[in-house]
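Student: Please take a close look at a single part of this model, and then follow the account outwards to the rest. I would like the cut-offs stated as they come up.

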Amino acid sequence: MSWAAELTEVLGRENVITDPARLRTYECDGLTGYRVVPAMVVLPRSAAEVAAAVGVCARHGVPFVARGAGTGLSGGALPVADGIVISLQRLRRIVEVDPVNLRAVVEPGVTNLDISKAAAPYGLYYAPDPSSQQVCTIGGNVAENSGGAHCLKYGFTVNHVLAAEVVLADGTVTTLGGDSPQLPGYDLLGAFIGSEGTLGIVTQVTVRLLAKPAAVRTMVADFATVAGAGDAVTGIVAAGIVPAAIEMLDNLAIQAVAASTQSVYTLDTVAALVVELDGPPDDVAEQFEQVQEICRAHGCTKVLVAEDAEQRALIWTGRKAAFAAVGRISPDYFVQDGVVPRGRLAEVLGRIAAMADEAGVRVANVFHAGDGNLHPLVLYSEAAGEHDRAERLSTEIAELCVELGGSLSGEHGIGADKACSMPRMFGEDDLATMLRLRSAFDPGGLCNPGKVFPTPRLCGERPGRYRPHPLEEAGVIERL
Amino acid sequence: MVLTNGSFDAHRPPRRELLDDCVHCGFCLPSCPTYAVGGEEMDSPRGRIYLMDLAERGEIPLDRTMAGHIDSCLGCLACVTACPSGVQYDLLLEATRPQLERHVPRTRRDRLVRRAVFAVFPYPARMRVAALFGVLYRRLGLRALTHRLGIVDRLPAELRAAEGLLPPVKVRSLFRRLPARVAAVGERRLRVALLEGCAQRVLFGDVNAATARVLAAEGCEVVVPEGQRCCGALNLHAGLEDDAAARARRLIDTFEKAEADVVVANVAGCGSSMKEYDRLLADDPAYAERAARFAASVRDVTELLAELEPRAPRHPIQAKVAYHDACHLANAQRIRRQPRDLLRAVPGIELTDIAEAELCCGSAGIYNLVQPVAAEELGRRKAANIEAAAPDVIATANAGCLLQVRRFLGRDIPLVHPIEILDASIRGVPLERARR
């Protein structure tokens, strides 16, 4: 029996998609610049069905790509031609909320925000908050080790996942991590989180829940220069204050937000910082004053303090919708995700502006300033033939971050988008070591192939004399 | 450059620049009822726009596959509310549906169901006959019998849905007519023309009566134009553009004679389609201007009352009320705050939130008749969410939602139009008596 027939038999006709038009709706995720039509999409309804589907793939050597809500911005869920997409959108059960042990057990298709909603009656919430939290799924969060505005204080997905049930590349189901906070042996759960779907598929996640902070205060501080805003960020952190979040928006981003929602941001300010503090009321009140002083010392022109929960929600709605809102001022865009050391924020923003001018492309900035995690949005028009120019600039910006001592990606993942830039950040030994880990989980290379690691097909064959592949050097593969 | 519409014909295809607004972020997904049910990309707003986009490029044909995914859309427009990029999915859907109606033949069964729906619902007289059958069916114990014998379970899903939606109405109320004119109480503030609706006037005559009373109490002279026919909402939302346009022209003719300041609707679906008349008749030189004027004068009754400083005193009603947003009010007309404010202004009323409030109840015009399976799942989900809030009363400003939610409620919770609560409060009578 062919693998397609076998999958159809195992999952049922109503849970597989083979029609060409339908398949095309799965050809890209949140990064539309890359598109590949899969051979089949399957929608399993349980972990057992995921395992069965993976088992069929393993037996027939069919590559597979897991997909959550398809909101990823690095092409992590980009399908493989002749491979299948395993959609986890039918695994959406909240299995358990355990307010005593402060944890929840959920299936991978549950959205990030729905975990917090389920925990809310107990005064608890799930801390990592990607901007797409209302739609992105916890399965995708685990795959990408997603962050969010509040990760400055609370850490990333990896700091909030206690255990994960996963389906390995051969179809085995196993659990990584466990109930105790500290387990002996290698941290395989840590390796799995952020592996971008290359080590297996998560089918159930146990997450840590936190008590909602007693007090929260939020402000928007306007600045006349980007450098002033950048220096204020450094000043706040240097003063020993750990805000829940420090976000920066530049003027172009503010304009996009204003075009999209009921905006509370000053339309003509050059840059704005959103600073949120949470914790015990007295501490928050004291530090809130301190932060305002620091902002003023760095040339802040205006401070808006959220008066109530509604106004705070407006500040965050604007910030979190910013990427999509950019659709109002540009038909297409690339989002970058590079990280720089906090002290070099002003410098990197200046250089990005200069590079954008030179390339003749607009760049909007809206990002997690406290982490130094940039999100430059390179605006372009596919119809006007600006794709290549924008993509080049986008890549240059990511590589600039590495050059300044930072990283290619803070939270979106490498995916298909930045795989070719990996050698800028890691030496061949590093990559070979990573590939050996990957091969230990997935010797056949069927789990989300073509992501994270550079491949000649993806990055273009470079002419010149023969250079051994990192895998060859590591002794994992042989040259025939 | 040659302009082509790909697989679409040249008559108002979905516009390229509207398709380009979508950046594929997926923020619409959790608001989409069909995506909530099935989790398939093609049955999400993002996926449907993708299909429209591919068709516009000529990369996929207009066929049953494509039509199936556009048909499955409830048109609830929750995605429009959710979209940060400002994608006008309402316009895209309205442009795509007539194209598919023209180019993709429906199955025999689908054709029959739709023909039957459109032959009955827009005609109050026929609707009355159908409702009369419904009353007899209940009175003679046939309903209990068919259910006991399991006959209902063996009916085709569409008929089963129609059977389940039949509300318990009284024969007397089927024939209730509104007076042609109701004088304003006290000094007249406005002259308003009331749309009676088709199913509305037959099944919810009480709501119309309450609407007229409340408007009058608030200083509006209410006229009910004679000979008013269907507004065409059902046709418009089903992609039957020509029929909808013909009905729009006739309704404009009828209402212009009333010379009112404002045209008032108390059915969300009707109000939203009348507000779209300007777009619907934009290409008709004889009507474009009149349609624009008419559309601008349309108000939902809750919208109008919120604009008027309250005049009639409100008497207390002690009740916990769950307000259910009708999609064509909340999303299509962006009216969310007004009905809530009106209800909150009644002393004693406690408003309660419903979980998954943004998710459509599955009524959606004729959707629960032509897509009964998905509609049933959504109806059950909505009813469960409402019951979890444990309200004394459920209020929603749309006839379709009232029928749909009632069908799936496990407990007997009174379902009313918000205007009925206001009416009872102004008259100072208990809600149950006001509805008699």
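**A strand and its surroundings**

Tutor: Strand S8 (residues 161-167) of chain A is joined by 6 bridges to strand S10 (residues 201-208) of chain A, and the two run antiparallel. The model is predicted: local features need pLDDT of at least 70, side-chain atom pairs count only at pLDDT 80 or more, and totals for chains, interfaces and linings use all residues, while side-chain values use heavy atoms, without hydrogens or water. Residues are numbered from 1 along each chain as its sequence is written, and chains are lettered from A and ligands numbered from 1 in the order in which they are written.

Helices (H or I, at least four residues) and strands (E, at least two) are DSSP runs numbered from the N terminus, and two strands pair if DSSP finds at least two bridges between them. In the pairing with S10(A), Ala164(A) has Val205(A) as its bridge partner. S8(A) also pairs in the antiparallel sense with strand S9 (residues 173-177) of chain A, over 5 bridges. There, Val167(A) is matched with Val173(A). The hairpin of S8(A) and S9(A) has 5 residues between the strands, and Gly171(A) takes a positive phi near 95° in it. What share of S8(A) is buried? The strand is mostly covered, with 6 of its 7 residues buried (under 20% relative accessible area; exposed is over 50%, partly exposed in between; 1.4 Å probe, protein chains only).

The domain assignment of chain A (bounds from an automatic or database assignment) gives domain 1 (3-87), domain 2 (94-211), domain 3 (213-325), domain 4 (330-425) and domain 5 (426-471). The centres of domain 1 and domain 5 of chain A, taken over C-alpha atoms, are separated by 23 Å. Their contact (heavy atoms within 4.5 Å) takes 12 residues from domain 1 of chain A and 5 residues from domain 5 of chain A. Between them these two domains bury about 580 Å², 67% of it on carbon and sulfur atoms (buried area is the accessible area, 1.4 Å probe, that two parts lose on being put together, summed over both). The rule finds 0 salt bridges across this interface (a side-chain nitrogen of Lys or Arg within 4 Å of a carboxyl oxygen of Asp or Glu).

Val65(A) is placed in strand S3 (residues 64-67) of chain A and is buried, at a relative accessible area of 0%. Leaving aside neighbours within four places in sequence, the contacts of Val65(A) include Leu78(A), Val80(A), Ile86(A), Asn448(A) and Lys451(A). The C-alpha atoms of Val65(A) and Met434(A) lie 19 Å apart, with their positions 369 residues apart along the chain.

Next comes the contact of the two chains. It takes 29 residues from chain B and 37 residues from chain A. Chain B and chain A bury about 2,500 Å² between them, 54% of it on carbon and sulfur atoms. The count of salt bridges between chain B and chain A is 3. Arg67(A) forms a salt bridge with Glu41(B), where the closest N and O atoms are 3.0 Å apart.

Over all chains, the search finds 56 salt bridges. In chain A, Glu347(A) and Arg344(A) form one, with the closest N and O atoms 3.0 Å apart. Glu347(A) is partly exposed at 34% relative accessible area, and Arg344(A) is partly exposed at 31%. In chain B, Arg12(B) forms a salt bridge with Glu241(B), the closest N and O atoms being 3.8 Å apart. This pair links distant parts of the chain: Arg12(B) is in the segment before helix H1 (16-20) of chain B, and Glu241(B) is in helix H16 (residues 241-256) of chain B, 229 residues apart. Arg12(B) is partly exposed at 29%, whereas Glu241(B) is buried at 14%. Arg16(B), Asp20(B), Asp53(B), Glu56(B) and Arg57(B) are linked in a network of salt bridges.

Chain B also holds an open sheet of 4 strands, in the order S7-S6-S8-S9 with parallel pairing. Strand S7 (349-352) and strand S9 (415-416) of chain B stand at the edges with a single partner strand each, so one side of each has no neighbour in the sheet. Strand S8 (residues 393-395) of chain B is joined to S9(B) by 2 bridges, and Ile394(B) has Leu415(B) as its bridge partner there.
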